[in-house]
Amino acid sequence: MGYFRDNVEKVKGYEPGFQPKSVDIIKLNTNENPYLPSPQAVEAFSRINVEHFRRYPDPVATVFREAAAEIHGVRPENIMCCNGGDELLTIAFRAFCDENRPVAYPVPTYSLYPVLANLQNCQALEVPFDREFNLPVDLIKTNAALTIVCNPNAPSGSFISVGEMASLADDLSGVLLIDEAYADFADENCAGLVKNFDNVIILRSMSKGYGLAGLRFGYAIAPADLISGLMKVKDSYNVDAVAIAVATAAIKDQEYFRQTTGKVKKARELLVAQLRALKFEVPRSYSNFVLAETKRCQARVIYDKLVQRNIYVRYFDLPGLENKLRITVGTTEQNDRVVMALKEILETAGSA
Ligand SMILES: Cc1ncc(COP(=O)(O)O)c(C=O)c1O
């Protein structure tokens, strides 16, 4: 017998996007924000008293809960903070799933879900999206304990309307976790559903819209009863004192948040137009990345040629994504450089 449980032994593990050491690159592979976090967050960081390092942090991050509750028009009891949105996913799998309690989600989507299902030893019921990434009707038939819908979806960038998500919540007998890691770049979101449904959990991340991927901070918005249950599963001190102070200052600075996410959304529309001009098929994105496909050259080949030029995007060798590249929206200058490189690559591919 090996040291590990069978599922741990067998699972391949999540493969995070490549994190190159060099800074002299264009890094558009892990959907980070091209802008620095709010100056208020930087100021909060510089004011941190080392006395906080000696003591344990507030186990529920009260100051952040209060700030987030005000922004979302809910009560602090409706918020639970976590060490990045990923920790909320881990907590949800541990709280709701086991051998007899499956998870369901549409695919292709965030590739962490199957890894967590394997680790939790629960069945993963994967229901394929159609080509337009509409909500699959069969999702409701799965009768899963936990249903996850990533909205906007990664890596498609597509969005399912709030009305459709409300009907899904209404039809499901289990919990509906809406992964809104990218909601900061969409025009609408489902946070309001937690007021009308007792089975909805919203996942939010401070990594994307707030430019704090390195800090590791995310949170759940949910009915108070679900939050109390999730709290039983989380580590006692899951978010540290520095993260609480910085994330709270960042979320309070909504003006800066609107400015920077607005710039990213504008740059996204320009990037989509530039890629379409190069004959890439690019569906509308509600996120801070675009999914681009071309018949002129294989995505894997383009990916390698971009790496040779110190440009990193994301290529997934997965069903439904074989010939697609996911490109994070950077600054307009970064996007222009990617587009120039793609133009060169396609010209040489065409003449080869
Ligand atoms: C769809 C989706 N959900 C959740 C997360 C988790 O984000 P974080 O743990 O950085 O908050 C990510 C990160 O890339 C993501 O793509």
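The following exchange concerns the ligand and the pockets of this structure.

Me: What kind of model is this, and how are its residues numbered?
Reply: The model is predicted, with local features needing pLDDT of at least 70, side-chain atom pairs counting only at pLDDT 80 or more, and totals for chains, interfaces and linings using all residues. Residues are numbered from 1 along each chain as its sequence is written, and side-chain values use heavy atoms, with hydrogens and water left out.

Me: Which residues surround the ligand?
Reply: A residue is near a molecule if one of its heavy atoms lies within 4 Å of it. The residues around the ligand are G84, G85, D86, Y110, C150, D179, A181, Y182, S205, S207, K208 and R216.

Me: What makes the approach of D179 to the ligand a polar contact?
Reply: A polar contact is a pair of N or O atoms within 3.5 Å; within protein, one must be able to donate a hydrogen and the other to accept it, and residues adjacent in sequence count only if both atoms are side-chain atoms. A polar side-chain atom of D179 is 2.7 Å from a nitrogen atom of the ligand, so the pair meets the distance limit. Ligand oxygen atoms also take part: one is 2.6 Å from a polar backbone atom of G85, and one is 2.8 Å from an N or O atom in the side chain of K208.

Me: How much of the ligand's accessible area does the protein cover?
Reply: The protein covers 92% of the 390 Å² that the ligand has on its own. Such areas come from the Shrake-Rupley method with a 1.4 Å probe; for residues, only the protein chains shown count as cover.

Me: Why is the ligand said to sit in the largest pocket?
Reply: A pocket is an open set of points on a 1 Å grid over the protein atoms alone, with protein on both sides within 12 Å along at least five of seven lines; lining residues have an atom within 4 Å of a point. A molecule sits in a pocket if more than half of its atoms lie within 2 Å of its grid points. The ligand sits in the largest pocket, and therefore satisfies this condition.

Me: What is the volume of the largest pocket, and which residues are closest to its centre?
Reply: The volume, meaning the space filled by probe spheres set on the points, is about 620 Å³. Of its 31 lining residues, Y14, T30, D86, Y110 and K208 are the closest to the centre.

Note on methods:
1 Å grid on protein atoms, 1.4 Å probe; cavity = no way out; pocket = protein on both sides within 12 Å on 5 of 7 lines; lining within 4 Å.
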